[in-house]
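Hi everyone, thanks for making time. I'd like to walk you through a few side chains, so please have the model open on your screens.

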Amino acid sequence: MNESSTPQIEPVIPKQGEPLYETVSRAILHAIDRGVFQPSMRMPTTEELSQQLSVSLVTTHRALQNLVAAGVLKRVRGMGTFVVENHQQTRPRIMIGLITHAEASMGDYYHGRVLDGMRQAAKEHHIDLVLLDYGQMPRKETAGLILINPVPKELDRTVEQNVKALPIIVVGTESHRKDVPFIDTDNIRLAADAVDHIYKLGHRRIGYVGGGSELGDSRDRRAGFVRVCRQLRIPSEDMPILDVPGYRLQEEETLKLGRMISNHNLTAVFAAGYYLALDVYHTATTMGLTIPDDLTVVGVDDPSSASRLLPPLTTFSQPLVHMGHAAIASIRRVCDHPNEHISNETLLAELIIRQSSGTPRP
């Protein structure tokens, strides 16, 4: 296919919160729907598409893989990639059960971002999502299950109840079972990077506040914090830990945090959750401490309000939209190809440095 006969597609504009390869997938799919690429037509090469779309070869390749998995394109060895005729009718719609905690808020930042990724992918992969609580039996037409951040006993119970042997994937925590794949942030690495950032600023008395100790991400963040502090030879009395059962501090727990800061002369706190970081802000203000002059604060998750706090919060941005999207794509792939193996996916969080972290006072 020479350049003059190659159909042209406009460069893509990255969308905030959406993986670039997904944006590229949408652009190519839209071009197919508009007739730029006709049914049975051989697609331009990956190199040609990457130039037209102004993205890397890796991104373009991954976008094409998505569309092949979705039944929109097909690869013919030695000939290239072709548009599937009537691609919208080639894949039947399937139902996937989405299992969450009964007390989980679908409107909070974490679940909202994960669900947004799932919603985008569900539309692309012809999937209907049905919300279920742990212990609730799925409907008979359900083709697979996605569990958001289950504790071990909940995952075990779901597997035991899965008499139809539906494919299962876990999102938001590492699965303790080898027979259940997972997609999650590397929370041990996240905590290690938090301590490393705080330590390089000059802090040597660093506290930890974590919630939901039953949840895998909380356990991993605590483990990562302890491991790195020990590697840096920080004495145990200079790395106190406050574990709470929920994602917010209750009144008594707030008092414990204040005593921990005061008794250990802390100059920094790693809050392993966004709402916990807000509670640290409140506690510091109540104690008459100034952030970051008296107390450096580092949190997890980056909703829009994080940059509007006084001072703006140094925090970690997790790839939550990608996690949700990847879970849907994986479950669809294994539903279409039951013998295919889903590999675990561990993602890196990005440290966003703002004014809540600074050097300690002399």
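Let's begin with Y275, and keep in mind that this is a predicted model. Y275 has a relative accessibility of 29%, so it counts as partly exposed, since that class runs between the buried limit of 20% and the exposed limit of 50%. What about Y274? Its relative accessible area is 9%, and because buried means under 20%, Y274 goes into the buried class.

Now look at the two rings together. A pair of aromatic rings is described by the distance of the centres and the angle of the planes. For Y274 and Y275 the centres are 5.9 Å apart and the planes are at 65°. That makes the pair edge-to-face, because the angle is over 60 degrees.

How many aromatic pairs are there by this rule? The count is four. If you turn to Y208, F225 and F270, you'll find a cluster linked by ring pairs.

Some rings also have a charge over them. Which residue lies over the face of Y199? That's R204, 3.6 Å from the ring centre. Over at Y21, the charged end of R62 sits above the ring, with 4.0 Å to its centre.

Last stop, a lysine. K123 belongs to helix α5, which covers residues 109-124. Is K123 buried or exposed? Its relative accessibility is 69%, so K123 is exposed. If you want to place K123 relative to D302, the two are 179 residues apart in sequence, and their C-alpha atoms are 26 Å apart in space.

Thanks for listening, and I'm happy to take questions.

Conventions. Residues numbered from 1 in each chain as written. Predicted model: local features only at pLDDT ≥ 70, side-chain atom pairs only at ≥ 80, totals over all residues. Heavy atoms only, no water. Phe/Tyr/Trp six-rings, centres within 6.5 Å; stacked < 30°, edge-to-face > 60°. Buried < 20%, exposed > 50% of the residue type's maximum accessible area, 1.4 Å probe, protein only. Lys NZ or Arg CZ within 6 Å of the ring centre and 35° of its normal. Helix = DSSP H or I, 4+ residues; strand = E, 2+ residues; numbered from the N terminus.
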